There are 2 protein chains.
Amino acid sequence: MQLHRADVVDGAVAILDQYGLADLTMRRLAGSLQVQPGALYWHFPNKQALLGAVADNILSPMDEPIESTEWSGEITELAHRLRDCLLAYRDGAELVSATYASRLTTSKGRERLVSAAIRAGMPRHEADLAAYTLLYYVLGQTVDEQSRMQMDSVGALTDDASPLHEDPGTPDATARFDFGLQLFVGGVRHLLGTRAR
Amino acid sequence: MQLHRADVVDGAVAILDQYGLADLTMRRLAGSLQVQPGALYWHFPNKQALLGAVADNILSPMDEPIESTEWSGEITELAHRLRDCLLAYRDGAELVSATYASRLTTSKGRERLVSAAIRAGMPRHEADLAAYTLLYYVLGQTVDEQSRMQMDSVGALTDDASPLHEDPGTPDATARFDFGLQLFVGGVRHLLGTRAR
DNA sequence: ACCTGAACACCGTTCAAGT
DNA sequence: ACCTGAACACCGTTCAAGT
């Protein structure tokens with residue numbers, strides 16, 4: 001059976017989700033694909049490129065259409081969708097954060113954020129900066145959230161008296177996320193508002 | 001001559017600044033200190049702990065007093081100082097970003113941000129979240145800025161027609177940073193403003 | 001075109017043993 | 001208390017050679 005680029009990426013995603021980013025090595029991936037490590041280098045020039053393809057894979061739902069037509073609703077929806085993508089796989093946020101030196105820069109999601117900010121009334125130059133500001137927040141917040149989730153899930157076994165075992169963190173994590181998001185949207189409104197006067 | 005904890009950290013900072021994070025390995029550090037790799041493990045339990053100490057070192061100027069007494073001025077000043085700390089060493093932003101699973105959480109700088117937000121009129125719970133929001137922005141933005149600086153400095157040699165060699169990026173990088181900062185402060189004002197009514 | 005075999009030049013970490 | 005010597009169990013990457 002021939003090994004295709006997509007098989008390599010799928011195998012990588014599977015290892016990432018089951019064992020985490022630290023265990024996603026070229027040798028381990030090769031082993032799971034029943035192939036020699038060197039074989040991977042026919043499909044990808046190096047590990048960095050492979051991780052980039054994995055990141056694109058994780059972020060692919062970002063291209064699907066959005067419901068809201070109002071700028072603030074669109075921004076909120078895009079931010080939540082990005083967070084959902086990052087949380088969908090173990091260490092997803094860390095992987096994307098580590099690999100996206102200009103990966104989100106070229107993404108469709110970023111462009112949609114920019115156009116929403118323009119529709120809000122910002123000049124393109126500022127809309128660009130605002131989009132980056134929001135992306136930094138979403139990435140940072142979600143990396144933190146996900147790493148805490150993992151610390152909790154291992155600590156829960158060691159920890160004495162885990163109270164009622166009712167999946168903590170997740171309920172108010174979204175509320176925490178929304179607060180920062182609201183701060184951002186409020187910042188945009190404030191900037192436009194003080195100018196209108 | 002005895003090797004002290006501080007010598008190890010200083011040696012690590014020196015390698016970081018001269019050769020970058022990728023070259024900051026335990027073996028290389030041991031070599032520069034004229035010591036066997038295993039010797040480092042008497043002073044630090046593992047590499048992670050060493051990097052943590054390096055991060056604390058880099059962030060130590062955060063504890064110095066602030067000029068401004070107004071909340072928005074204090075926040076602006078703290079954000080700028082954090083950025084300055086991160087930019088002071090090669091790969092400083094990446095190192096701190098990678099190492100601070102709850103490193104900034106316990107920092108004095110974060111507490112000062114929280115107290116400034118409280119002084120602005122926020123309840124402590126929200127002030128906490130707002131501080132995190134700002135920290136995520138500063139870290140993300142500065143990591144990006146610094147990685148671009150490095151890409152430029154190696155690309156400048158390869159690149160044809162480097163125009164006049166006048167250190168580009170740096171002038172408006174601060175302006176870009178200030179835009180996001182202003183967006184944050186505006187967000188705080190907006191949130192407090194809409195409540196006052 | 002696609003992969004194997006085998007090597008190169010590294011890693012972080014451990015630990016008996018030395019002083 | 002502090003460090004050496006030497007090993008263990010890994011890495012990413014390259015590349016002649018095979019099919």
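Student: What makes a residue count as one that surrounds DNA strand C, and which are the closest?

Tutor: A residue is near a strand if one of its heavy atoms lies within 4 Å of it. In this predicted model, 16 residues surround DNA strand C, and the closest are A:Gln36, A:Trp42, A:His43, B:Arg27 and B:Tyr41. Of the strand C atoms that come within 4 Å of the protein, 65% are sugar and phosphate.

Student: Before we go on, what are the ground rules?

Tutor: Residues are numbered from 1 along each chain as its sequence is written, while chains are lettered from A and ligands numbered from 1 in the order in which they are written. This being a predicted model, local features need pLDDT of at least 70 and side-chain atom pairs count only at pLDDT 80 or more, whereas totals for chains, interfaces and linings use all residues, and side-chain values use heavy atoms, with hydrogens and water left out.

Student: How do you know that B:Tyr41 has a polar contact with DNA strand C?

Tutor: Check the distance. A polar contact is a pair of N or O atoms within 3.5 Å; within protein, one must be able to donate a hydrogen and the other to accept it, and residues adjacent in sequence count only if both atoms are side-chain atoms. B:Tyr41 puts a polar side-chain atom 2.6 Å from a phosphate oxygen of strand C, so the pair qualifies. B:Lys47 uses a backbone N or O atom, 2.8 Å from a phosphate oxygen of that strand. A:Gln2 has a side-chain N or O atom 3.3 Å from a sugar or linking oxygen of strand C. Two elements give two or more residues to this surface: α3 (40-43) of chain A and α2 (26-32) of chain B.

Student: Why are these called elements, and what does α stand for here?

Tutor: Helices (H or I, at least four residues) and strands (E, at least two) are DSSP runs, numbered from the N terminus. The α labels here are helices: chain A has 9 helices and 0 strands.

Student: What about DNA strand D, and which residues are the closest there?

Tutor: DNA strand D has 16 residues around it, with A:Arg27, A:Tyr41, B:Gln36, B:Trp42 and B:His43 the closest. A:Arg27 has a polar side-chain atom 2.7 Å from a base nitrogen of strand D. On the phosphate side, A:Tyr41 has a polar side-chain atom 2.6 Å from an oxygen of strand D. Here α2 (26-32) of chain A and α3 (40-43) of chain B each give two or more residues.

Student: What makes a residue near strand D nonpolar, polar or charged?

Tutor: Just its type: Ala, Val, Leu, Ile, Met, Phe, Trp, Tyr, Cys and Pro count as nonpolar, Asp, Glu, Lys and Arg as charged, and the others, Gly among them, as polar. By that rule the strand D surface divides into 6 nonpolar, 7 polar and 3 charged residues.

Student: How many residues of chain B are in contact with chain A?

Tutor: Contact means heavy atoms within 4.5 Å. On that test, 26 residues of chain B touch 26 residues of chain A. B:Tyr136, B:Phe179 and B:Leu183 supply 29% of the area that chain B buries against chain A, more than any other three residues. Buried area is the accessible area (1.4 Å probe) that two parts lose on being put together, summed over both. The chains bury about 2,400 Å² between them, 70% of it on carbon and sulfur atoms.

Student: How many salt bridges are there between chain B and chain A?

Tutor: A salt bridge needs a side-chain nitrogen of Lys or Arg within 4 Å of a carboxyl oxygen of Asp or Glu. The count between the two chains is 0. Polar contacts do turn up, in 2 residue pairs, both at pLDDT 80 or more. On chain B's side, α8 (124-158) and α9 (170-196) each supply at least two residues, and the largest share, 12 residues, comes from α9(B).

Student: Why is B:Ser72 classed as buried or exposed?

Tutor: Buried means under 20% relative accessible area, exposed over 50%, partly exposed in between (1.4 Å probe, protein chains only). B:Ser72 has 8%, so it is buried. B:Ser72 sits in helix α5 (residues 71-87) of chain B, and its side chain makes a 2.9 Å polar contact with that of B:Glu70. Leaving aside neighbours within four places in sequence, B:Ser72 is in contact with B:Val185 and B:Arg189.

Student: What makes A:His80 and A:Asp178 a polar contact?

Tutor: Their side chains are joined at 3.0 Å, which is within the cut-off. A:His80 belongs to helix α5 (residues 71-87) of chain A.
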